[in-house]
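Me: I would like to go through this structure feature by feature. Please give the general idea and then the case at hand.

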Amino acid sequence: MASNALYPSKQDQDTLLNCLQAKLPGIVSAIGGQWKVVWGPVIWKARPDDAKTGPDNAWFIAHSPSVTFDDSTTREAYVVAVSGTNANSIYGWYENLAVGRVVDFTAWVGNGITQLPVPVNRGDIVPTGTYVAYGTAGAVHTLLTEPSPPGSASVGLKLHEYLTNILAPESTRVVFTGHSLGGTLSPTLALALTISGALKVEGLVYATGGASPGNRRFANLFTQTFPTSTSTCPETGYAVWNKNIINSRDIIPQAWCTKRILSPAQNVKNIPSIYGVPTIPFIELVAFWLKANVNKSHIVYAPLPSHILSGVKPEETPGNVTEFLSVALENHNTFYSDLFGVKLPDIDCEELTKKTKEEILLEYPVIGDIEWGKEHPTEVEAAVAALQASGVLDDNEE
């Protein structure tokens, strides 16, 4: 939650960074266990001078010399915490993640993770390839290569340089964690660092509420690299490593698989009816638009291994888009806060401005697409009509 502390706020990049630099050390040390920020924080915005949006990304590394893990071992530990994103753009989350284009993950990592990822020509995509969304790869590249700024810990070092050069015993563990977009980026970041050889100690992933980063071969590579663990405390519902911990009623983890036969529990087709029937026609329209755009990638996205927790169906089925979005936001945020018993840290910096409810909605995966569509129905209808006219149809294969 600490990496998401600035999520409700907006300002230019430097002002956001100054606030996080001042507040984050206290938030981390208050956790107990001798935790200390040792790299970062870093704030990145595509438009750094824009005071009307929040951080596109925020991330940092914390360290504790002694942590007792669920397997009863006590080890030195690092946590790489990655926040969600500001997806406030004309096409919201879809454009932000660029899921309609993909990167050959194996080739990119093989050429060096500091190299800019390059999208594959759609005609060159093969069934045996290991692919990740172009936007996800680009965001991971940013996480890897942005140096820690003045005023932050380990100034001048890039994340991959810091992790490569840590002097730690072999028993040390590095935990990669994030929620929402952070739940997509943190496992991809961990996999890139491990496959490239940059991470020389044991890595663990603790992701929540993330969308699918890539295709089935990407998911398989993740599973081979980070085997899933057996829950050591089943009654909590979340004591498991190397899985995407998700709420069954959260619409974000339903993205971006479009084949029920591949993933019945997590696919875009589940979104319109996830809170009951009858469905809302406009939600059906947006889901069609999302599926058609995803299918332009020429791959089928597949979820990472998931630990699915049963969400509660609302007592009344949402009757309009506003009600649907309200239920969706509760299932993407409140559910997880209640599950972990952890609230978003309250950062009070007078230089920051609070986002409006509409701005907050726009900055979430999938939820932001629906909110943007609600505000621009004519554009969505025109986009769907253009897709249909061009022969790009919904893939009805189950």
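Me: Where does Lys269 lie?

Reply: This is a predicted model. In it, Lys269 belongs to the loop between β10 (244-247) and α8 (281-295).

Me: Is Lys269 buried or exposed?

Reply: The term rests on a cut-off: buried means under 20% relative accessible area. Lys269 has 8% relative accessibility, so this residue counts as buried.

Me: Which backbone oxygen lies 3.5 Å from a polar atom of the Lys269 side chain?

Reply: The backbone oxygen of Thr258 does.

Me: Which peptide bonds in that loop should I look at?

Reply: Read omega. The bond from Ala255 to Trp256 is cis, with omega near 15°, and Trp256 is located in the loop between β10 and α8. The bond from Val277 to Pro278 is also cis, with omega near 5°; Pro278 likewise has its place between β10 and α8.

Me: Next, phi. What is the phi of Asn242, and where does Asn242 lie?

Reply: Asn242 is not a glycine, yet its phi is positive, about 65°. The residue sits in the loop between α7 (216-225) and β10. With a relative accessible area of 4%, Asn242 is buried.

Me: What is the phi of His298?

Reply: Phi is about 70° for His298, again positive in a residue that is not a glycine. His298 is found in the loop between α8 and β11 (301-302).

Me: Now the sheet. In what order do its strands come?

Reply: To read a sheet, follow the pairing from one edge to the other. Here the order is β2-β3-β4-β7-β8-β10-β12, an open sheet of 7 strands with mixed pairing. β2 (36-44) and β12 (306-309) are the edge strands, each pairing on one side only. From one strand to the next, the twist averages 15°.

Me: How many bridges join β4 to β7?

Reply: There are 6 bridges between β4 (residues 74-82) and β7 (residues 173-179), and the two strands run parallel. As one case, Val80 has Phe176 in β7 as its bridge partner.

Me: Which strands does helix α1 touch, and which does α6 touch?

Reply: Take the contacts, then the angle between directions. Helix α1 (residues 13-29) packs on the sheet and touches β2 and β3 (57-68); its direction makes about 160° with that of β2. Helix α6 (residues 181-196) also packs on the sheet, touching β3, β4, β7 and β8 (202-208). The direction of α6 makes about 150° with that of β7.

How values were computed
Residues numbered from 1 in each chain as written. Predicted model: local features only at pLDDT ≥ 70, side-chain atom pairs only at ≥ 80, totals over all residues. Heavy atoms only, no water. Helix = DSSP H or I, 4+ residues; strand = E, 2+ residues; numbered from the N terminus. Buried < 20%, exposed > 50% of the residue type's maximum accessible area, 1.4 Å probe, protein only. Polar contact = N/O pair within 3.5 Å; in protein donor to acceptor, adjacent residues only side chain to side chain. Pairing = 2+ DSSP bridges. Axes fitted to C-alpha atoms, helices over the stretch in contact; angles between N-to-C directions. Contact = heavy atoms within 4.5 Å.
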